[in-house]
Amino acid sequence: MTAVAKRLKAQALLFFGPPGAGKGTQAHAVAVEFGIPHISTGEMLREAARKRTPLGLAAQVRMDRGELVSDEVVSAIAAERIARPDCASGFILDGFPRTIGQAEFLDALLDEQGRGKPLVLYIQVNSGSLLKRLGGRRICPVCGRIYNMYFNPPQHDEVCDADGARLVRRADDNDGAILHRLESYTTLTRPLIEYYRERKVLVDVDGDRAPDEVTRDVIQWVTAA
Ligand code: AMP
């Protein structure tokens, strides 16, 4: 076991919560702190769509509508990524699993690989703020930095503080897709809270605070005593 694995409470850290809760921001900060990969299934699917692979193009239609991609497709890409050597001592999953079927698939995989139970960080936010969090989100296409026009705006109108690039909206951060994403979360993803609570691996994190404060809390939760 490496030094990194010894400092983490679990090899598989899962960032869980509704769209717009800040999973990506927190997952990124923890990945940097521990030097482990940040695996975002949404980002992998967007990358496949940008490269216009058959899988990417099929997924894009569903993503643009705010619908989930099938369990089979998403579980296969997650498993392939986790199998790479850089995940040997630990990894972060952001946006996976999103259904009970995916959670069962992941449990079986972790078991098979002798990696133990996951640790699930459930980032809770006031549902009233979700629309602003998603509608206000802007991303730098050059460095990937995430802003929010309401809560964390750039210094100058819609350009990145770091590199001056014009910020963009994600294709699925429009009103129609946002509503579908919140619906999918409620019906298909939210049941995972009970699934993981019963297994005693879920930690509640108050996400309605400044991102740095949330990060400090999350780092405490994932660090082994
Ligand atoms: P995200 O970047 O996590 O918000 O994901 C963007 C979109 O990718 C989602 O709205 C889904 O269409 C798709 N997606 C990402 N992860 C999953 C998953 N675990 N299961 C099904 N669809 C997913």
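The shell around the ligand is a mix: six of its residues are nonpolar, four are polar and five are charged. Keep in mind as you explore that this is a predicted model. In this model, 15 residues surround the ligand, and the protein buries 95% of the 480 Å² that the ligand exposes when taken alone. Let's walk through the ligand's surroundings, then one helix, and then a few backbone details.

**Around the ligand**

- The closest residues to the ligand are Thr 41, Glu 67, Gly 95, Arg 98 and Gln 102.
- Which helix gives the largest share of the shell? Helix 3, covering residues 41-50, does, with four residues.
- A nitrogen atom of the ligand has a polar side-chain atom of Thr 41 at 2.8 Å.
- Gly 95 takes part through its backbone, where a polar atom is 2.9 Å from a nitrogen atom of the ligand.
- An oxygen atom of the ligand has a partner too, a polar side-chain atom of Arg 170 at 2.9 Å.

**A closer look at Thr 41**

- Thr 41 belongs to helix 3, and it is one of the residues closest to the ligand.
- Is Thr 41 buried or exposed? Its relative accessibility is 2%, and buried means under 20%, so Thr 41 counts as buried.
- The side chain of Thr 41 also reaches the backbone oxygen of Gly 95, at 3.3 Å. Thr 41 and Gly 95 are therefore linked by a polar contact, since the cut-off for such a pair is 3.5 Å.

**Helix 10, from length to faces**

- Helix 10 runs through residues 211-222, which makes twelve residues.
- How far apart should its ends be? At 1.5 Å a residue the helix should span 16 Å, and its end C-alpha atoms are indeed 16 Å apart, so expectation and model agree.
- Val 214, Thr 215, Val 218, Ile 219 and Val 222 are the buried residues of helix 10.
- Why do these buried residues line one face of helix 10? Looking down the helix axis, they fall within an arc of 135°, so they line one face.
- Arg 216 and Gln 220 sit on the other side of helix 10 and are exposed.

**Leu 93 and Lys 200**

- Leu 93 is part of strand 3, which covers residues 91-94.
- With a relative accessible area of 0%, Leu 93 is under the 20% cut-off and therefore buried.
- Lys 200 lies in the loop between helix 9 (191-198) and strand 7 (202-206).
- Lys 200 has a relative accessible area of 73%, which is over the 50% cut-off, so this residue is exposed.
- Along the chain, Leu 93 and Lys 200 are 107 residues apart, and 18 Å separates their C-alpha atoms.

**Backbone details to look for**

- The peptide bond from Phe 96 to Pro 97 is cis, with omega near -5°.
- You can find Pro 97 in the loop between strand 3 and helix 6 (100-112).
- Lys 200 is not a glycine, yet it has a positive phi of about 60°.
- Glu 158, also not a glycine, has a positive phi of about 55°.
- Where is Glu 158 located? Glu 158 lies in the loop between strand 6 (146-148) and helix 8 (175-189).
- Glu 158 counts as partly exposed because its relative accessibility of 21% falls between the 20% and 50% cut-offs.

Note on methods:
Residues are numbered from 1 along each chain as its sequence is written. This is a predicted model: local features need pLDDT of at least 70, side-chain atom pairs count only at pLDDT 80 or more; totals for chains, interfaces and linings use all residues. Side-chain values use heavy atoms; hydrogens and water are left out. A residue is near a molecule or strand if one of its heavy atoms lies within 4 Å of it. A polar contact is a pair of N or O atoms within 3.5 Å; within protein, one must be able to donate a hydrogen and the other to accept it, and residues adjacent in sequence count only if both atoms are side-chain atoms. Accessible areas come from the Shrake-Rupley method with a 1.4 Å probe; for residues, only the protein chains shown count as cover. Helices (H or I, at least four residues) and strands (E, at least two) are DSSP runs, numbered from the N terminus. Ala, Val, Leu, Ile, Met, Phe, Trp, Tyr, Cys and Pro count as nonpolar, Asp, Glu, Lys and Arg as charged, and the others, Gly among them, as polar. The expected span of a helix is 1.5 Å times one less than its number of residues. Buried means under 20% relative accessible area, exposed over 50%, partly exposed in between (1.4 Å probe, protein chains only). The arc is that of the directions from the helix axis to the C-beta atoms.
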